[in-house]
Each structure stands twice: as C-alpha cells, then as structure tokens.
Amino acid sequence: MENRLYFYANMSKSDAGSVLRTAMNAASEEGFTCVNFDLPEDLYLAASEKKPDFIVTIGGDGTILRLVSIQLNDERALEIPILGINLGKIGFLTEILIDDFRSALVEFKNGNYSVETKSTLHCVVSDKENYTCLNDFLIFKNSLSSVTHMDASIDGNSIGIIRSDGIIISTPAGSTGYSISAGGPVVAPNLDVILVTPICSHSLTSRPIVASYDSEVVVKVLSECFLSSDGKQLMTLPEGSEVRIVKSDKKVGFIRFGERNIFKLMRERLA
C-alpha cells in the first residue's frame, strides 16, 4: 500500500519554505509520496480522490485552525489526521519540530503512534446560520469604546446579564487559547466540557464557568456584537440575536507520538 502525505505550510513564516523542503525530502527518502498544497481547499479536494496517511502542517496553531475550518465542512476530510510541525511561538496543537520529523516518520511506519481526537462545538445563530469550531466561539464588542451587554444561560438556567468586552465559549482544546488569556481555566485533555469565559467583565460576579459537554449555552446579545470562530470573524450580530452553542459530533484527529503533558507544554511555551 502506498504511503502518501499531503503538506500545507504557512508561507508567511520566514523559514517555512526551507522547512517544507526539508520535510518533503525526508518523507520522500522514507518512501512516502509527497504532495504540497498552497490552499487547504485544494488539499481536501485531492484527498477525496487519494486519501493520504495524514496531513503535515508547517506553522503554528493558526495554520492548523485554518486547515481545520475547511476540514469541518467535509465529512471525508475529518477522517484524515493532522501532524503539526511547529514554527510558531506556542503551538499547543502541533506535535513536533522539524528536527524530529524523520524519526516521527519511522515511528509512524512502525505503528508507534496514536490518533488523538479533539471535540468540537456547534453554533446556531437565530435559527439560521450554522458554524462549527475546534477551539472557540467569540462574541465581542463592536468598537473599542463600547461594552457588550449579553443575557446568557446554560441549560435554561440564567447566569445573568454579562457586561464585558465579550464572551468566549470554548472546547478543552481552546482552553489554552484566548480563554486562558481572559482568565479561564486549563482543562485536562481527557475531559469533555464547555468553557464560558467573560472577557474583562465589569462585574466581579461574572466568572469563568465550566459546563458539561452535553450542555446548551445560549447567549442573547443586547447590543450589536461580532461573532468569530477559531480566530476568524464570521458575522455581525445585530441587537437581539440569539446564539445557541452545543456539542458537535464532529471530531478532529491529530497524530501523536507518546503521551502529551499539557501542563509541561504550558510551562515550556507560555513562559
């Protein structure tokens, strides 16, 4: 059976080109057929015809999230795991550095790897628009000088009016993203929960909340806001819009070698 890899590099990184060449040369020498794609849309179109063993990303978490945003809209693409080579500063979703890539390929061929699946969230806006995210949904104020007013509830239980710069609803994977910067907790990777984290709240009673992954989070915006997903702005939310967020049955797979200690990664990458 042919071993095939697809590559997607963030070419805005200064050393991405040289890392891509090094990685593709190493993979070719290890017997993999390698194909590079400039656009994730083209990558998944090709994957529907010839499925690769996995997709290699070269960049940081943002690079992976751009890829995943396409993946979440194609059920066939969700079957393909991702291996991230980290060029970014943090890179919680990535797995290795370029110096470890060749040995990782050998481990993969020998079956010494696992596929870690990460949960996602689904969002419906006023019973119309639908979106899915890997990290988080963000509802944010529409200007620097304004404050958002939102009426939020979890499973029908009101958590009150939130006056803040915005609110983050995130997955465990997203707990080390924007949520942690806003004072949210870090979630152990074996837990399926939903985090609700206010941003710069104007009330000391508005605190981060950890809810069950089976919960329904509803946010009614009382002033115009923006809705973003995994760092990408999606739409303007007019006053009165209702955002309903629930668990999604879609999962994103990542190639892993050995156990990951998220707390060690935090010490190393957030220092």
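**Notebook: strands, sheets and one helix pair**

Entry 1. I began with strand β7 (residues 136–141) and strand β14 (residues 225–229), which run antiparallel and are joined by five bridges. I note at the outset that the model is predicted. I then looked for the residue of β14 that pairs with L138, and found S228 as its bridge partner.

Entry 2. I next asked in which order the strands of this open sheet are arranged. The six strands follow the order β12-β11-β10-β7-β14-β15, and their pairing is antiparallel. I looked at the edges, where β12 (209–212) and β15 (232–237) stand. Each of these two has a single partner strand, so one side of each lacks a neighbour in the sheet. I also looked up the twist: with direction ignored, neighbouring strands of this sheet are turned by 20° against each other on average.

Entry 3. I turned to strand β3 (residues 54–59) and asked how many of its residues are buried. The result was six of six, and I recorded the strand as mostly covered. For this entry I took buried to mean under 20% relative accessible area. I then checked the two faces of β3 separately. On one side F54, V56 and I58 are buried, and on the other side I55, T57 and G59 are buried, which leaves both faces covered.

Entry 4. I looked up the strands that pair with β3. Strand β1 (residues 4–9) pairs with β3 in the parallel sense over five bridges, and L5 stands opposite F54 of β3. Strand β4 (residues 82–86) also pairs with β3 in the parallel sense, over five bridges. In that pairing I55 stands opposite I82 of β4.

Entry 5. I followed the chain from β3 to β4 and asked which helix belongs to the β-α-β unit they make. It is helix α3 (residues 61–71), and I recorded the unit as right-handed.

Entry 6. Finally, I examined helix α1 (residues 16–29) and helix α4 (residues 101–109). Their axes come within 9 Å and cross at roughly 35°. I asked whether the crossing is left-handed or right-handed; α1 passes α4 in a right-handed crossing. On the α1 side the contact is made by A23, A26, A27 and E29, and on the α4 side by F101, R102 and L105. I sorted the residues of this contact by type and recorded five nonpolar, no polar and two charged.

Methods. Residues numbered from 1 in each chain as written. Predicted model: local features only at pLDDT ≥ 70, side-chain atom pairs only at ≥ 80, totals over all residues. Heavy atoms only, no water. Axes fitted to C-alpha atoms, helices over the stretch in contact; angles between N-to-C directions. Helix = DSSP H or I, 4+ residues; strand = E, 2+ residues; numbered from the N terminus. Left-handed = near helix turned anticlockwise from the far one by under 90°. Contact = heavy atoms within 4.5 Å. Nonpolar A, V, L, I, M, F, W, Y, C, P; charged D, E, K, R; others polar. Buried < 20%, exposed > 50% of the residue type's maximum accessible area, 1.4 Å probe, protein only. Pairing = 2+ DSSP bridges. Right-handed = clockwise from strand over helix to strand, strands pointing away.
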